[in-house]
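Dear colleague,

I am handing over the structure we discussed, with the sequence and the coordinates together below. My notes on what was found in it follow directly after.

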Amino acid sequence: MARLVAILPDAVADQIAAGEVVERPASVVKELVENALDAGARHVRVCLEQGGKTLVEVSDDGTGMGREDAVLALDRHATSKIRSAADLVGVRTFGFRGEALPAIASVSRLTLVTSDGEGEGSELSVNGGRLDRVDPAARQRGTTVSVRGLFFNTPARRKFLRSTASETRAAHDTLTTLALAHPETGFSLEVDGATRLLVPAGQGVVDRLAGVWGRDLAGTLVPVSYAAGAFRVTGFVQRPADAKPTGRRTQLFVNARPFKDPFLVRAAEAGYRSSIHPGDRPSLLLGVTVAPDEVDVNVHPAKLEVRFRDRIGVERVVEEAVRDALGRLDAAAPVGEWRPMPAPGAAGQTGTSSASLMEEELDLTGTGGSGSDRARAGFDAPLVQLFDSYIVYEAPEGIVIVDQHSAHERVLYESVMAELRRGGAAAQRLLLPHTLELTDEELDALESHADAVRNVGFEVEPFGGRAVVIHAVPVPHPRFDGVACFRETLADLARGRFGGWANPLERFAATFACRAAIKAGQRLSEPEMRRLLLRLFETALPPHDVHGRATIVQLPREELERRFGRR
Ligand SMILES: Nc1ncnc2c1ncn2[C@@H]1O[C@H](COP(=O)(O)OP(=O)(O)OP(=O)(O)O)[C@@H](O)[C@H]1O
Ligand SMILES: [Mg+2]
């Protein structure tokens with residue numbers, strides 16, 4: 001009987017590997033740029049023609065290769081980055097499999113021009129995986145890889161390529177991600193001869209973020225810096241008031257390595273709970289730092305995903321980190337132009353060395369106390385009420401302006417949620433029970449929220465027909481009009497206000513808090529203002545109200561100084 005089992009020729013094996021590593025031009029960009037970064041490049045230039053379908057070219061000024069190394073690099077499992085399986089744990093380089101170059105070369109016409117700066121350079125030409133020529137080449141130290149006719153020899157795969165615009169977009173996104181991970185490296189992207197991205201070398205994270213996401217978006221972000229247990233989380237999250245339902249950007253890193261993880265994004269969003277309009281999706285860039293043996297980076301062919309040993313732990317810390325960042329006074333919307341503001345004493349902004357997002361640049365922990373502590377430091381200052389609606393005071397960093405209604409709403413929301421969970425707030429019996437005629441919709445709303453209504457302190461009974469009688473009401477503050485609040489809350493619930501809130505308890509709490517809070521236009525005494533602020537800063541998210549708007553606006557002292565030409 002004839003033998004059926006045979007070892008595949010290398011060229012076929014490479015093509016199969018290419019199926020996993022090289023999916024589209026963006027994957028070629030990713031692999032080649034990662035190689036350039038691993039080679040210590042300070043500048044990386046990427047050129048695309050027709051979305052990379054005709055050409056992807058990546059040039060760098062890294063270490064380059066001598067001729068023998070260059071020839072070897074095109075062989076499968078040829079790598080300079082690890083020597084044994086043990087090196088895989090905590091591997092710092094992007095590459096470690098020695099697979100990318102041969103895989104790309106097997107499905108394209110590839111030329112590699114490289115020089116290690118000693119003697120003459122080399123030019124290697126590979127055609128569908130076959131090394132055709134090795135020539136001497138004049139080149140400064142560094143490497144240029146040109147990939148033409150991707151998938152020319154695998155027509156079935158070529159058919160799967162998308163439109164030029166869509167391939168361009170994917171490649172651009174890939175480069176953006178790498179540019180964010182490496183602010184110290186300069187990047188450019190040319191698409192059919194036009195420059196699409198240009199960021200200089202030696203940037204800090206904040207400037208790099210503004211450079212690739214744009215100043216407008218960057219201006220809506222607040223810094224995150226938090227550590228708990230085995231994890232440290234740094235980065236930026238968007239102010240709830242600036243989040244929109246579409247067009248958000250997210251970027252995750254673990255130990256400076258970009259990865260994708262919708263569940264971790266979800267965990268970050270959970271940190272926004274009750275401060276964001278349902279349906280709004282905040283932009284965020286978060287880096288997790290963890291001991292290398294706590295995370296496995298070799299679980300995905302294109303290294304797009306990672307696996308955490310303590311999955312629940314990392315989700316919890318990310319959520320806490322976001323919540324902590326949003327709760328700081330720094331997270332309050334500033335007046336005037338946004339300036340990158342890692343606080344004084346923070347390292348960074350110089351973007352030296354292997355500066356990665358999580359290691360040096362965003363170390364904001366040394367800034368002394370949380371935002372709320374600092375805000376509270378301003379409480380000795382006199383409080384002023386403006387327009388019977390805003391409370392203003394001087395804090396060390398600037399002028400703080402608080403919207404009294406939103407602030408009270410946030411305070412009430414949290415205490416109502418606590419009461420609903422605990423069951424039973426203090427209620428005050430009315431001297432004269434109050435009867436009220438409701439609509440069908442309001443009766444329905446009352447029925448479906450009966451427990452919550454009782455737990456916040458209303459005592460209500462049916463009174464025949466559509467009428468109800470109110471015996472007792474809660475007393476959240478002395479100016480509270482319980483009957484009016486009851487009526488307005490039910491009307492809101494019947495109209496489906498806060499309808500986007502999936503959790504009925506939260507929906508009720510938000511509605512009730514909004515109706516029960518003191519209104520704009522009510523004059524407050526100084527002790528009342530002080531009490532309100534103290535309670536506000538005891539909540540988890542003082543700067544944001546429950547509608548996804550600001551409760552606090554700050555006018556940084558720095559901004560004042562800038563306006564008056566003192567800086
Ligand atoms: N731009 C470059 N500059 C210098 N050396 C390079 C460059 N690109 C590749 N090399 C060398 O070629 C080797 C093979 O590259 P290749 O991308 O195939 O594998 P790798 O990066 O080691 O691992 P992986 O398959 O995980 O990317 C690298 O280990 C490196 O030594
Ligand atoms: Mg590589």
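Val 384, Leu 386, Phe 387 and Tyr 390 make up a nonpolar patch on the surface, and together these residues have about 400 Å² of accessible area. Please keep in mind here, as in everything that follows, that this is a predicted model. Within the patch, Phe 387 sits in the loop that runs between strand E17 (384-386) and strand E18 (390-395). Phe 387 counts as exposed because its relative accessibility is 71%, and the cut-off for that term is over 50%.

The other topic is ligand 1, which has 23 residues around it, and of these Thr 79, Ser 80, Lys 81, Glu 99 and Lys 303 come nearest. The residues of this shell divide into nine nonpolar, eight polar and six charged, and helix H2 (25-38) and helix H4 (100-106) each contribute at least two residues to the shell.

As for polar contacts, an oxygen atom of ligand 1 lies 2.8 Å from an N or O atom in the side chain of Asn 35. The backbone takes part as well: a polar backbone atom of Gly 98 is 2.8 Å from an oxygen atom of ligand 1, and a polar backbone atom of Leu 101 is 2.9 Å from an oxygen atom of the ligand. How much of ligand 1 does the protein bury? Taken alone, the ligand exposes 580 Å², and the protein buries 94% of that area.

With best regards

How values were computed. Residues are numbered from 1 along each chain as its sequence is written. Chains are lettered from A and ligands numbered from 1 in the order in which they are written. This is a predicted model: local features need pLDDT of at least 70, side-chain atom pairs count only at pLDDT 80 or more; totals for chains, interfaces and linings use all residues. Side-chain values use heavy atoms; hydrogens and water are left out. A residue is near a molecule or strand if one of its heavy atoms lies within 4 Å of it. A polar contact is a pair of N or O atoms within 3.5 Å; within protein, one must be able to donate a hydrogen and the other to accept it, and residues adjacent in sequence count only if both atoms are side-chain atoms. Accessible areas come from the Shrake-Rupley method with a 1.4 Å probe; for residues, only the protein chains shown count as cover. Helices (H or I, at least four residues) and strands (E, at least two) are DSSP runs, numbered from the N terminus. Ala, Val, Leu, Ile, Met, Phe, Trp, Tyr, Cys and Pro count as nonpolar, Asp, Glu, Lys and Arg as charged, and the others, Gly among them, as polar. Patches are made of residues with over 30% relative accessible area and no salt bridge: like charges are joined within 9 Å, nonpolar side chains (Val, Leu, Ile, Met, Phe, Trp, Tyr) within 5 Å. A salt bridge is a side-chain nitrogen of Lys or Arg within 4 Å of a carboxyl oxygen of Asp or Glu. Buried means under 20% relative accessible area, exposed over 50%, partly exposed in between (1.4 Å probe, protein chains only).
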